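Open the model in your viewer and keep the selection tool at hand. Each stop below says what to select and what is there.

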Amino acid sequence: MDHFTAGDKLRLLYTLAVNAHPIILQIFPGAEGWPMPRYLGSCGRFLVSTSTRPLQEFYDASPEQAADLAYQLLRVLESLRSNDLNYFFYFTHVDAGMFGIFDNGHLFIRDASALGIIDKQEGSQAAARTGENEDIFSCLVSDCQIQLSSCDTVPEKQSLVLVCQQLLPQLLQGKFPSPVQKEIDSALSLCSKDNSTDLEVLGATSWLKDILRSLRTCDPRFAYRYPDCKYNDRF
């Protein structure tokens with residue numbers, strides 16, 4: 001930021017304070033493989049990006065589409081947890097409006113304002129204030145005494161537990177034949193427990209992902225992976 005003017009820094013700080021979403025879209029663009037929509041522009045709280053339909057509009061979707069969206073959602077969280085650039089993304093909270101679906105059926109993060117980011121390679125730490133509350137602008141005129149807690153305080157399971165608690169049951173409940181539905185419900189029960197370990201949650205979501213993968217179909221409704229899915233199991 002050495003080349004930033006004082007005005008540039010103030011604009012950046014203001015945007016980070018009111019809505020970090022446009023900054024994240026620019027740092028981690030969809031064109032580079034991140035699960036984000038295309039960023040078109042922003043000003044303060046106003047943002048323009050490519051259009052998506054929110055996830056809650058698909059709660060009544062067919063079993064095949066519900067399985068496909070749930071599978072995509074778990075894949076997105078997997079890419080946020082483990083990626084080549086060694087960033088760890090985690091949600092502080094989730095709701096169905098944070099995820100959107102394009103016309104071709106592809107699921108993306110629609111609202112990244114609740115995403116935290118840890119650079120595991122640099123060993124950066126998440127800030128946690130324990131004293132008097134200070135806004136970021138006060139740091140421009142005086143020193144801010146900030147106590148930093150270890151990045152280890154954010155468990156790997158955090159985003160998965162939130163999604164298993166609040167989104168996947170709405171999408172998958174009562175959609176499938178009894179034997180399969182019982183397996184899905186069991187996996188959701190395991191991955192939604194706050195007191196489960198990281199390994200237990202990761203294992204449960206891996207099991208759920210395997211179930212959902214077998215329920216996906218290959219047809220033109222899923223244009224984002226059709227007709228590739230006819231020739232390659234990866235899709």
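The tour goes from the whole chain to helix packing, then to single residues and rings.

**Stop 1: the whole chain**

Start with everything shown as a cartoon. This is a predicted model. The protein has 7 helices and 9 strands. It consists of 235 residues, and 40% of them count as buried. Now consider the contacts in the protein with a separation of 6 or more: residues 24 or more positions apart account for 66% of them.

**Stop 2: helix 4**

Select residues 158-166, which form helix 4. Which residues are buried here? In helix 4 they are Ser-159, Leu-160, Val-161, Leu-162, Val-163 and Cys-164. To see what covers these buried residues, add helix 3 (63-81), strand 4, helix 5 (168-172), helix 6 (178-191) and helix 7; the cover includes each of these elements.

**Stop 3: helix 4 against helix 7**

Two packed helices are described by the angle between their axes and the distance between the axes. Keep helix 4 and add helix 7, residues 198-215. The angle between helix 4 and helix 7 is about 55°, and their axes are 10 Å apart. Helix 4 and helix 7 are therefore oblique to each other. Their crossing is left-handed.

Show side chains at the contact. From helix 4, select Leu-160, Val-161 and Cys-164; from helix 7, select Val-201, Leu-202 and Thr-205. By class, the residues of this contact between helix 4 and helix 7 are 5 nonpolar and 1 polar, with no charged residue.

**Stop 4: helix 6 against helix 7**

Hide helix 4 and show helix 6 beside helix 7. The axes of helix 6 and helix 7 cross at roughly 155° and come within 8 Å. That angle makes helix 6 roughly antiparallel to helix 7. The crossing of helix 6 and helix 7 is also described as left-handed.

Now select the residues that meet:

- In helix 6: Val-180, Glu-183, Ile-184, Ser-186, Ala-187, Leu-188, Leu-190 and Cys-191.
- In helix 7: Val-201, Ala-204, Thr-205, Trp-207, Leu-208, Ile-211 and Leu-215.

The contact of helix 6 with helix 7 has 12 nonpolar, 2 polar and 1 charged residues. Val-201 and Thr-205 of helix 7 were also part of the contact with helix 4.

**Stop 5: Val-94**

Bring helix 4 back and select Val-94. Val-94 sits in the loop between strand 4 (87-91) and strand 5 (99-101). Is Val-94 buried or exposed? Its relative accessibility is 4%, so Val-94 counts as buried. Leaving out residues up to four places away in sequence, Val-94 touches Leu-162, Val-163, Gln-166 and Leu-167. Set a distance label from Val-94 to Leu-167: C-alpha to C-alpha they are 8.1 Å apart, although 73 residues apart in sequence.

**Stop 6: an aromatic cluster**

Colour the aromatic residues. The whole structure holds 8 aromatic pairs. One of these pairs is Phe-28 with Phe-89, which is edge-to-face, with 4.9 Å from centre to centre and 75° between the planes. The pair links distant parts of the chain, 61 residues apart: Phe-28 is in the loop between helix 2 (21-27) and strand 1 (39-43), and Phe-89 is in strand 4. Phe-28 and Phe-89 are both buried. Add Trp-34 and Tyr-87 to the selection, and you have a cluster linked by ring pairs: Phe-28, Trp-34, Tyr-87 and Phe-89.

**Stop 7: Pro-37**

Select Pro-37, which is in the loop between helix 2 and strand 1. Pro-37 counts as buried because its relative accessibility is 4%. Next, select Thr-52. Pro-37 and Thr-52 are 15 residues apart in sequence and 8.3 Å apart in space, C-alpha to C-alpha.

**Stop 8: two backbone details**

Most residues other than glycine have a negative phi, and most peptide bonds are trans. The last two selections depart from this pattern.

Select Asn-86 in the loop between helix 3 and strand 4. The phi of Asn-86 is near 65°, a positive value in a residue other than glycine. At 28% relative accessibility, Asn-86 counts as partly exposed.

Finally, select Tyr-226 and Pro-227. The peptide bond that joins Tyr-226 and Pro-227 is cis, with omega about 5°. Pro-227 lies in the segment after helix 7.

Note on methods:
Residues are numbered from 1 along each chain as its sequence is written. This is a predicted model: local features need pLDDT of at least 70, side-chain atom pairs count only at pLDDT 80 or more; totals for chains, interfaces and linings use all residues. Side-chain values use heavy atoms; hydrogens and water are left out. Axes are lines fitted to C-alpha atoms, for helices over the stretch in contact, and angles run from 0 to 180 degrees between N-to-C directions. Helices (H or I, at least four residues) and strands (E, at least two) are DSSP runs, numbered from the N terminus. Angles under 35 degrees count as roughly parallel, over 145 as roughly antiparallel, 65 to 115 as roughly perpendicular and the rest as oblique. A crossing is left-handed if the near helix is turned anticlockwise from the far one by less than a right angle, and right-handed if clockwise. Contact means heavy atoms within 4.5 Å. Ala, Val, Leu, Ile, Met, Phe, Trp, Tyr, Cys and Pro count as nonpolar, Asp, Glu, Lys and Arg as charged, and the others, Gly among them, as polar. Buried means under 20% relative accessible area, exposed over 50%, partly exposed in between (1.4 Å probe, protein chains only). Rings of Phe, Tyr and Trp (its six-membered ring) pair if their centres lie within 6.5 Å; planes under 30 degrees apart count as stacked, over 60 as edge-to-face and the rest as tilted.
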